[in-house]
Amino acid sequence: MARDVRVRVRVQVLMVDYGMDRLPNRSGVALLRREARWRGLEDQFDARYVTFPVHTKAVIVDERLVLSGSMNFHFSAWGPLGLNEGALATTDVQAVAEQCAMFDTLWAAHSQPVPKGRDGGCGA
């Protein structure tokens with residue numbers, strides 16, 4: 001017998017708001033925000049724009065794994081016709097801790113909130 005187990009996780013997204021990445025990032029935030037709202041988890045989702053140019057992307061999973069590289073998080077980067085990008089994944093405890101600390105610093109001191117309603121048109 002399967003049970004529906006819901007784990008409340010906090011999702012924080014740092015991204016750029018310029019150039020070619022502007023619209024895909026805004027669309028991605030709109031979709032994530034809509035999905036969180038649909039699941040009753042909107043209070044667990046937050047997105048911010050970094051205040052300086054950046055190209056590297058990173059994902060931290062459960063403060064145990066970091067995936068970092070140049071891959072984009074939208075449709076053009078995935079699948080057989082997607083862009084060929086580089087990425088590195090690690091579970092090294094020190095590397096993950098350093099990435100978490102850097103993310104927290106960027107979040108607190110070098111980013112600004114993505115205004116709701118300015119995230120691709122779907123934000124409320």
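**Exercise 1.** Which side chain meets E42 in a salt bridge?

*Solution.* Start with the model: it is predicted, local features need pLDDT of at least 70, side-chain atom pairs count only at pLDDT 80 or more, and totals for chains, interfaces and linings use all residues. Residues are numbered from 1 along each chain as its sequence is written, and side-chain values use heavy atoms, without hydrogens and water.

Next, apply the rule: a salt bridge is a side-chain nitrogen of Lys or Arg within 4 Å of a carboxyl oxygen of Asp or Glu. The partner of E42 is R37, at 3.5 Å from N to O. Now check exposure. Buried means under 20% relative accessible area, exposed over 50%, and partly exposed in between (1.4 Å probe, protein chains only). E42, at 24%, is partly exposed. R37, at 31%, is partly exposed too.

**Exercise 2.** Sort two further salt bridges, R26 with D17 and R39 with E35, by burial.

*Solution.* The closest N and O atoms of R26 and D17 are 3.1 Å apart. Both R26 and D17 are buried. For R39 and E35, the N to O distance is 2.6 Å. R39 is partly exposed at 42%. E35 is partly exposed at 35%. The full count is four salt bridges.

**Exercise 3.** Find the element that gives the largest share of the largest nonpolar core.

*Solution.* Such a core joins buried Ala, Val, Leu, Ile, Met, Phe, Trp, Tyr and Cys residues through side-chain atoms within 4.5 Å. The largest has seven residues: M15, V29, A36, F45, A47, Y49 and V114. Helices (H or I, at least four residues) and strands (E, at least two) are DSSP runs, numbered from the N terminus. α1 (22–38) and β2 (45–50) each give two or more residues. β2 gives the largest share, three residues.
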